[in-house]
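Colleague: I would like to go through this model and ask what lies behind the terms used for it.

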Amino acid sequence: MVMSLLLALPGAVGLWLVTGGRGLPVRPARWVAAATAAATLVLAVVVVALGSSVDRPWLPELGMRWSFGLDGISVPLVLLTATIGLLVAAHAWAEMPTGGSPATFLGCLLLVEAGALATFAARDAVLFFVAFEVVLVPMWLLVGRYGDDHDPRARADAAHRFVLYTAVGSTTMLLGILLLLARAGTSDLRALADGAGGALGGGTQLAVAALLVLGLAVKVPVFPFHTWLPPAHTTAPTAGSVLLAAVLLKMGTYGLVRLPVATVPDGFTRLAPVLAVAGTVGIVWGALVCLVERDLKRLIAYSSVAHMGFVVLALASGSETGLQAALYANVAHGAVSALLFVVVGGLKQRWGSVDLTVPRPALRETSPRLGFVLLLGLAASLGLPGLAGFWGEFLAVYAAWDPAPERSRALFVACAVAAAVGAALAAAYALRVAGIVWAGDRPDPEVATTPDTSGVERVVLGVLAVAVVGLGVAPMVLLGTTADAVARIGGGP
Amino acid sequence: MSDLVTIDWPVLAPALAPAAGVVVVLVGDAALPRRGGGRWALPVAAVVLLLGALAAAAAAVGAGAQTLRTLCLPAPDGACLWTAGPRTSTLQAGILLAAAAALALLHDGRPRPRDRAVSATLLLAATTGGVAVAAASDLGSWLVALELATVPAVALVALRGSRAAAHGALTLLVTSLVSFALLVLGAALWLTATGDATFSADTVALAWADPQRRAVLVLAVTLLVAGLGFKLSLVPFHAWTPQAYATTDLGTAVFLAAASKLAAVAALLVPVAAIVGAGLDAPALVVLLGVPAVASLGLGTVVALRQTDPVRLLAWSTIAQAGWIVVPLTALDAPALRAAAAYALVYAAATTVAFAAVARTGARTLEDHRGLLRRDPLAGGALGLALLVLAGLPPGVVGLVVKVLALAPPVNAGVWPVVAAGVVAVVVGIAVYLRWFTVLLSGSGDRPAASPAGPVVSQRATRVVLVVGSAGLVLASALPTLLLDLLS
């Protein structure tokens, strides 16, 4: 009951804001969206506390059930999504993009949240796919209509690229799901994880795993399927960027854990080396691009590619530590990237562009709070111990160093070394950004100073900063939540 | 007489209703030619169609999973000429409702008074044929019903009287004659191969077991698929579609795009069901169905991407969607039949709504729809929903569900080339429909000043079509199982 409400509330209010309530003025619309997002967060906490679930037939023809419920793997992501949902709704007080009615904008945010929650809670493979598709149109609207209003053509291009890439990925994933459904006879993710999928023959498992991994790799995104991400991030409004980085990318990695890793372990094992190499290339490539990239938003997007590389590498290693690392890095990246995108979005709003080649006064002097949060985000992003980013990267490299037995040790060790080099490069680009933006030029008394954070923006940044520090200081809270579920999936023998 | 053939009138009601409507309209027009300027003909036809749809829907719901049979011959094995399971009854209801929608658009298109009775008669006659072909299980009635479903439609296109319409009708006429020739030849070969004048799984299985008769049967199916390919607008038999849609009025276009397509699908399912029932392992037949399906998906979506006239875009989208309808059939198994029927029904509903929105706005180019959602929320919202259903994107969940259903059988049977074409078509299709959707959403600030000022005449019937059609799509999106239950 509470589970259904958790999904229905943001979905229904979001739909209403997009359709019937489109003409709502900005003030009431903001309150409606924020109240809905807050209620959703409360419901999410209640669902997690009570362990509520729902399970009824939906499409009996496909053997498909309307089945939603949480376990250790989905709990952190559902809480992350609900929190981020509230933060982006609140952020509407700090930044309300032009391009359409404010109610539609807020409705789209809520719809993305509803779709993401449904994706993380789905216990049926086909339902997972349907929920996965729900976020497409609202996100397309957020990027295509409410995005950067400097260049309409680039905006349309970025939005279309996002939709079409994701559609390629999700349709490929659908084929994998349908093949799995046809061969295993059930689409219940729990039954599939408990052996219905693992009992399939080697060839079938490989085919299913290949389709699923290929499809989800677009969403994650894994190198070389990442080219949709930087334009989408550069164009999207701050709230859209935050949702994209902190929630949508997680759907890809969560899907990798839920579908190929849990249901067709043997097939995934055979693909793991390819995935590990792709992830490692993503780490190094992303970091190298960040060293020369001029647009700060695009730079953060490329750093996301690198961070997702760590997640994928950890998943590919196949050990229980690897799975834990992947899930941890996933959530940590959600907090860190949300923080960075709020800061950078705020800077873009203040400066008009975030081109790093334009000399600007030092942020630490003109707006010390904003400067401090940026520095914190960059430090977490480069993996400074004590902050959120550290444990994910550290455990990922550790897991790759010692992969599950049936994987090629030499290859994974090579990947671990390359990933460590990538982490060092991350330090270099983080310091480059800090040097340009935070340390910056001497303030020119004739140039207007950058206003510091205030009001809601300060609260949003404060919550995210606390999360980044909290995850870094007390990783066991999160690792303990996922441990049982990870042990059940098995993570290798 | 009754000893020879048993007749169960209520079972025949879906076809009898429009047939009776033809008689009523013709007699009424002959007896009282000037009465009300022929204004009564279209409403009478609409009532008759809705009654027929009601009868078909009642048959689909009430009969449970059993098959209704009538017109049964006593000897020797008691073959029945009319066989309607739930799937057939639901398709019949769809044909009748689509015809009623076409009638509504015809009505609002202000036909000349003298054309009204003729239009109503032609439309009802074609609908009778479409309903009958869905339930026909012998070659003779199948061919006759199929032709009855086609020829009046040609006359409807020609009725507009303009030079372009006459040209379109001529193309359509030549096309349908060729297709009829192919179908007759195919039916004759089917009879030769199976030695049976009905579409029956048993005789198909027997014929398949004999290599020589198998070759004849493959040839028969080739010709039948080609003949129906014309009606279904499958590539390479599609060329008439954009021309006929663009030259005729929107009511007739809806009839061709929805009712006529549903009739063609129902007709195709009759022989395919016999082949599926025989449980053949027949790669040759898979190729026969797969090649036009892949070609339609590819060409239809790619050409639709370049269209600027909404009617032509819908025409090319029809061609692509016809490919989608055939995609599940390449698996030659029982779920495929339901998937094809479900896809056809959802496509027909969405296309009808899209045409109704185009009729309401009178748009000639996509740009005329700029900011439509703000100017006319009913037309804009309905059109947006229809486009999302056609693209298969939530919130048009039902469009996504039928795409999943359509892809499941070929994945299961391992027909990978068709599946791969399906994936490409999904992605390009999304680009096609989102292109139009973007225009609907965009601000109306830079709207061209010369765009039509919106409806001047009353368009009540079109509004009803829009409301009912989008309500159906919303309902089916919320509870897709409602639709699928009707087809099981």
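Modeller: The questions below take up chain A, the side of chain B that touches it, and one helix of chain B; the model is predicted.

Colleague: Why is chain A called as compact as a globular protein of its length?

Modeller: Chain A comes to 20 helices and two strands. Its radius of gyration is 21 Å, and the globule rule gives 23 Å for 493 residues; the two are close, so chain A is as compact as a globular protein of that length. Along its principal axes the C-alpha trace of chain A spans about 70 × 55 × 40 Å.

Colleague: What makes a residue of chain A count as buried, and what percentage do?

Modeller: A residue is buried if 20 or more other C-beta atoms lie within 10 Å of its own. In chain A, 63% of the 493 residues count as buried.

Colleague: How do you know that chain B touches chain A?

Modeller: Two residues are in contact if their C-beta atoms lie within 7 Å. By that test, 24 residues of chain B are in contact with 25 residues of chain A. Helices α15, α16, α17 and α19 of chain B each supply at least two residues of this side.

Colleague: Which classes make up that side of chain B?

Modeller: It has 20 nonpolar, four polar and no charged residues.

Colleague: How do you know that the span of α6 of chain B is close to the expected one?

Modeller: Helix α6 of chain B has 32 residues, and at 1.5 Å a residue 46 Å is expected. From its first C-alpha to its last it reaches 46 Å, so the span fits the expectation. Just after α6(B), Gly195(B) takes a positive phi of about 65 degrees.

Terms used:
Residues are numbered from 1 along each chain as its sequence is written. Chains are lettered from A and ligands numbered from 1 in the order in which they are written. This is a predicted model: local features need pLDDT of at least 70, side-chain atom pairs count only at pLDDT 80 or more; totals for chains, interfaces and linings use all residues. Helices (H or I, at least four residues) and strands (E, at least two) are DSSP runs, numbered from the N terminus. Ala, Val, Leu, Ile, Met, Phe, Trp, Tyr, Cys and Pro count as nonpolar, Asp, Glu, Lys and Arg as charged, and the others, Gly among them, as polar. The radius of gyration is taken over C-alpha atoms; the globule rule is 2.2 Å times the number of residues to the power 0.38. A residue is buried if 20 or more other C-beta atoms lie within 10 Å of its own, exposed if 12 or fewer, and partly exposed in between; C-beta atoms are placed from the backbone.
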